[in-house]
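Here are a few short exercises on strand pairing, each with a worked solution. Have your viewer ready and try each task before reading on.

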Amino acid sequence: MPDSRSDAEPRRQGPARWVLGLLPLALLAGLVAFFFGADPTAPFRDAFPPVEDLTIERVSFPEGGVMRVHVVNGGPEAATIAQVIVDDAYWQFEIDGDPTLPRLARATLELDYPWVEGELHLIRIVTSTGLTFDHEVAVATLSPRPNALYLTTFGLLGLYAGVLPVLIGLLWYPFLRRIDRKWIHFYLSLTVGLLAFLVVDALEDTFEASALVAEGFQAAGLIAVGFIGAIVGLRALGNLGRGMGGAGSSGEGSGSAGGGGASSGLTVAYLIAISIGLHNLGEGLAIGAAFSLGEIALGSFLVIGFALHNTTEGLAIVAPVADRRPALRHFAFMGGIAGLPTVLGAWAGGFSYSPTLATFFLALGAGAIVQVIVEVTRLIRKSWPQGLFTPLNATGLLLGLLVMYGTALMVTA
């Protein structure tokens, strides 16, 4: 039967769809322009002092006798840098641009200051309105430059902390191949425990980094975008992987779920590798920042602690494919995906640490791990209806938490 709307009635004439779609946006833009043009807030600004909020993101020491202060204006209004006080003494400075910083603008102040290696220094910025913003350098040390020496050094730190431990952890695969199915589910449950601890750890690091983010960049919004974006993105990748392999063959291994089950286990393993890689990017940032700030002892403990962490993460990657035979290239790819971001993070943290980017990537890693926990739990329930709540599986989950807690003690030393 023909559609009476499409055949019997003529199409209504009217504005094009794109015009109707843009109309609300055009009206909103007009409203905003009128607000700023009419400026109904002028009486309030005349009666109250301006709201200023400068944030000193970091202080670098490129050479002896030179100090660079990296500032961002996170307040709602422009702020003018009038003076700089270092260790209770006013000091001349040069700025790379206008001393009046608009909202969200950045500037670098350079001072010829005789800083002392290993000493504490206090920096205070004074605006034209008399407001002050302080920053403490706990240990002054020569900042690393992006040359061959430091690129190699930070690269090796990332290799020791991330890449090699993950690859070592992948070597648990032959062991997992030789155990009964109930023990495979035990190790999958242990994987959930490992990942659950990583979520809490990542969120703690995220909130700690967010405390240094300038107010104007909305740390809470960055966390929300990273956390939720990772969950949605990994969910989409998981569905894509299952769709591509759902009707596939079992050529790369046998599984009780057939071809679709084999692809599902490998898909989950890749998702775990991606989520761990995002998390390890944040770990690399922490390692690089610690060494660049002169906290050598802390940086060394971070390398050792993260290495222990990441070895257990290698186990988490291979557990979903323990009853299958993926090609060797998959292990190489998953190890690189999970471990190499540690190197990238060490470079970024060592040469130009940014609390804003650190907050975003740490939140991204936390969200990714949450989604992977959902995927691993779903994988367990496919062939084990009671899921995580059998005595053996529950023991595995709790053991995973305890293992990660034990290795975390090295990081907080």
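**Exercise 1.** In which sense do strand 3 and strand 8 pair, and over how many bridges?

Some ground rules come before the solution. This is a predicted model in which local features need pLDDT of at least 70, side-chain atom pairs count only at pLDDT 80 or more, and totals for chains, interfaces and linings use all residues. Residues are numbered from 1 along each chain as its sequence is written, and side-chain values use heavy atoms, with hydrogens and water left out.

*Solution.* Begin with the terms: strands are DSSP runs (E, at least two residues) numbered from the N terminus, and two of them pair if DSSP finds at least two bridges between them. Next, find strand 8 at residues 121-127; its pairing with strand 3 is antiparallel, over 5 bridges. To check the register, look at Val86, which stands opposite Ile123 in strand 8.

**Exercise 2.** Which residue takes a positive phi in the hairpin of strand 3 and strand 4?

*Solution.* First, locate strand 4 at residues 89-91, joined to strand 3 by 3 bridges in an antiparallel arrangement. Here Ile85 faces Tyr90. Then inspect the 2 residues between the strands: the hairpin has Asp87 with a positive phi near 50°.

**Exercise 3.** Find the strand order of the open sheet of 4 strands, then its edges.

*Solution.* The order is 1-2-7-5, with antiparallel pairing. Strand 1 (54-63) and strand 5 (94-95) are the edges: each has a single partner strand, so one side of each lacks a neighbour in the sheet. Further in, strand 2 (residues 66-73) pairs with strand 7 (residues 106-111) over 6 bridges, and Arg68 has Glu110 as its bridge partner in strand 7.
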